[in-house]
Amino acid sequence: MLLVHSLTKRFPIDDGVLTAVNDVTFEIGSGEVFGLLGPNGAGKTTTMRIILGLLQPDSGYTEVDGLRTSADPMAVKSRLGFVSASDGVYPWLTVREMLLYFADLYSVNVTEAASRCESLCDMMDIGDLLDRRAGDLSTGQRQRVTLVRGLIHDPPVMLLDEPTRGLDVVGVQTIFDYIDILRRGGKAVVVCTHRLDEAERLCDRFGLLHRGRLKHCGTLSDLKEQTGRDSLVDIFVDLIRN
Ligand SMILES: Nc1ncnc2c1ncn2[C@@H]1O[C@H](COP(=O)(O)OP(=O)(O)OP(=O)(O)O)[C@@H](O)[C@H]1O
């Protein structure tokens with residue numbers, strides 16, 4: 001469903017060239033949650049930005065549902081949902097207006113958009129907030145609106161960038177429940193996070209990036225077998241030290 005093939009991205013820097021993503025390949029299927037993990041500067045955000053079509057790779061390619069981003073960026077964008085730590089709600093619009101606005105940007109037809117808006121808000125327990133101004137909502141309520149917004153065009157692939165950053169325990173649980181809903185809905189999900197404990201609970205498979213290279217990829221038991229280590233934290237620490 002999501003294919004990242006031999007992806008490489010270089011940036012010019014003062015004293016030469018930095019290879020931020022170096023020949024990275026992985027694939028994620030329907031109903032699978034993939035943790036893209038790595039220390040600061042490993043290349044996670046750059047990889048996500050290329051998948052989203054916001055950056056061009058120097059070589060390699062990404063495909064969503066068999067469509068190559070470089071060949072048909074708009075069709076690919078319409079099949080991707082993106083949620084990051086910042087909420088990005090429009091404070092002067094009601095929740096309903098904002099969700100319908102985003103549905104329209106994705107060319108979802110009006111009747112379908114209205115019904116998705118209701119059902120997704122009910123699912124995220126914010127059905128009673130539809131006609132409230134987004135700017136008047138609490139942080140947790142705005143977070144839920146952002147999560148619904150990511151799904152309004154029913155994309156098969158969801159990218160979540162640090163989704164639990166800055167959230168309290170209830171907010172984190174909301175993200176966990178949301179990811180469960182995505183998995184059960186057959187989405188292919190990429191989660192970028194520094195929280196290894198959360199990743200271990202949430203993800204079916206992992207890709208461990210370090211200095212642009214995908215050092216390990218697989219299920220937790222694959223990684224344990226590959227490294228001889230007992231936990232994601234130990235595997236991660238080894239990765240950074242070696
Ligand atoms: N536009 C740019 N120009 C130059 N270097 C860049 C640019 N964007 C990213 N980089 C560099 O590429 C490398 C990878 O950055 P990236 O943001 O992908 O890392 P990351 O894994 O998301 O890190 P973090 O966990 O800190 O957010 C870093 O060394 C970063 O400084």
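**A covered central strand, two open sheets and a ligand shell**

Both faces of strand β3 are covered in this predicted model: V33, G35 and L37 on one side are all buried, as are F34 and L36 on the other. With 5 of its 5 residues buried, β3 is largely enclosed by the rest of the structure. In a regular strand the side chains alternate between the two faces of the sheet.

The partners of β3 lie on either side of it in an open sheet of 6 strands, whose order is β6-β7-β8-β3-β9-β10 and whose pairing is mixed. The edges are formed by β6 (80-84) and β10 (213-218); each has a single partner strand, so one side of each is left without a neighbour in the sheet. On average, neighbouring strands of this sheet are turned by 15 degrees against each other, direction ignored. Strands of a sheet pair through backbone hydrogen bonds, either parallel or antiparallel.

Several of the pairings can be described by their bridges. Between β3 and β8 the pairing is parallel and comprises 4 bridges, with V189 in β8 as the bridge partner of V33. Between β3 and β9 (residues 205-210) the sense is also parallel, again over 4 bridges; here F34 stands opposite R205 in β9. Towards the β6 edge, β6 and β7 (residues 157-161) are joined in the parallel sense by 5 bridges, and G81 has M158 of β7 as its bridge partner.

Two helices lie across strands of this sheet. Helix α5 (residues 139-151) lies across β6 and β7, and its direction is at about 165 degrees to that of β6. Helix α6 (residues 169-184) lies across β3 (33-37), β7 and β8 (188-192), running at about 150 degrees to β8.

A further open sheet contains 4 strands in the order β2-β1-β4-β5, with antiparallel pairing. Its edge strands are β2 and β5 (67-68), each of which pairs on one side only. Strands β1 and β2 run antiparallel and are joined by 9 bridges; within this pairing, L3 stands opposite E27 in β2. Helix α1 packs on the sheet and touches β1, β2 and β4 (59-64), its direction making about 115 degrees with that of β1.

Helix α1 and two strands of the 4-stranded sheet recur in the surroundings of the ligand. The residues around the ligand are F11, I13, L18, A20, G38, N40, G41, A42, G43, K44, T45 and T46. The elements that contribute two or more residues to this shell are β1 (2-13), β2 (16-28) and α1 (44-51). The greatest contribution comes from α1, with 3 residues. By residue class, the shell around the ligand divides into 5 nonpolar, 6 polar and 1 charged.

Two loop residues were distinguished by their backbone geometry. Most residues other than glycine have a negative phi, and most peptide bonds are trans. D154, although not a glycine, has a positive phi of about 50 degrees. This residue, D154, is placed in the loop between α5 and β7 and is partly exposed, with 16 other C-beta atoms within 10 Å. R211, likewise a residue other than glycine, has a positive phi near 50 degrees. R211 is placed in the loop between β9 and β10, and it counts as partly exposed, with 17 C-beta neighbours inside 10 Å.

At the level of the whole protein chain, 9 helices and 10 strands are present. The radius of gyration is 18 Å, close to the 18 Å that the globule rule gives for 242 residues, so the protein chain is as compact as a globular protein of that length. The C-alpha trace spans about 55 × 40 × 35 Å along its principal axes. Of the 242 residues of the protein chain, 37% count as buried, among them those of β3. Of the contacts in the protein chain between residues at least 6 apart in sequence, 68% join residues at least 24 apart.

Terms used. Residues numbered from 1 in each chain as written. Predicted model: local features only at pLDDT ≥ 70, side-chain atom pairs only at ≥ 80, totals over all residues. Near = placed C-beta within 6 Å. Nonpolar A, V, L, I, M, F, W, Y, C, P; charged D, E, K, R; others polar. Pairing = 2+ DSSP bridges. Axes fitted to C-alpha atoms, helices over the stretch in contact; angles between N-to-C directions. Contact = placed C-beta atoms within 7 Å. Rg over C-alpha atoms; globule rule 2.2 N^0.38 Å. Buried ≥ 20, exposed ≤ 12 C-beta atoms within 10 Å, placed from the backbone.
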